[in-house]
Amino acid sequence: MICEIEESLREENDYDNRHIFTVNGYVARIKNQDKIFYPACPNDDCRKKVIEDAGAYRCENCNKSFPDFKATYMISAKISDFTDSLYVNFARENGEALIGMPAQ
């Protein structure tokens, strides 16, 4: 239950680290409805944000330009159950699982 997650994080004073929990709840709200994905490097080892540059997409991390980018989800959603709710970030494949399809 979400109330137990909140209690556990509060007791450990551990809100800044990543945690994995299984919740039986529902998505009550998607916070960033206007932009739920970003243009990312198509290199699977990188996937950093790219910048459009002269008809191509430049990845500063890889120091390369690509003809196309990979749309990558970054979703902030409010998850609720009958006890409480909390905001969770869904990135990349987790965003695809939440939406049910790859970003386009």
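This section describes one helix and two sets of paired strands in a predicted model.

Helix H1 spans residues 2-12, and its buried residues are Ile-2, Ile-5, Glu-6 and Leu-9. Viewed down the axis of H1, these buried residues fall within an arc of 95 degrees, so they line one face of the helix. The elements that cover the buried residues of H1 include strand E6 (70-80) and strand E7 (85-91). Just after H1, Asn-13 adopts a positive phi of about 50 degrees.

Strand E6 also takes part in strand pairing: E2 and E6 are paired in the antiparallel sense over 4 bridges. Within this pairing, Tyr-73 of E6 is the bridge partner of Phe-37. Side chains alternate along strand E2, which comprises residues 37-40. Tyr-38 and Ala-40 point to one face and are buried, whereas Phe-37 and Pro-39 point to the other face and are not buried. In a regular strand, such alternation places side chains on the two faces of the sheet in turn.

A further group of 3 strands forms an open sheet in the order E3-E4-E5, with antiparallel pairing. Strand E3 (51-53) and strand E5 (64-66) stand at the edges of this sheet and have a single partner strand each, so one side of each is left without a neighbour in the sheet. From one strand to the next, the twist averages 40 degrees. Strand E4, residues 56-59, pairs with E5 in the antiparallel sense over 3 bridges. Ser-65 in E5 is the bridge partner of Arg-58.

Technical notes:
Residues are numbered from 1 along each chain as its sequence is written. This is a predicted model: local features need pLDDT of at least 70, side-chain atom pairs count only at pLDDT 80 or more; totals for chains, interfaces and linings use all residues. Side-chain values use heavy atoms; hydrogens and water are left out. Buried means under 20% relative accessible area, exposed over 50%, partly exposed in between (1.4 Å probe, protein chains only). Helices (H or I, at least four residues) and strands (E, at least two) are DSSP runs, numbered from the N terminus. The arc is that of the directions from the helix axis to the C-beta atoms. Contact means heavy atoms within 4.5 Å. Two strands pair if DSSP finds at least two bridges between them. Axes are lines fitted to C-alpha atoms, for helices over the stretch in contact, and angles run from 0 to 180 degrees between N-to-C directions.
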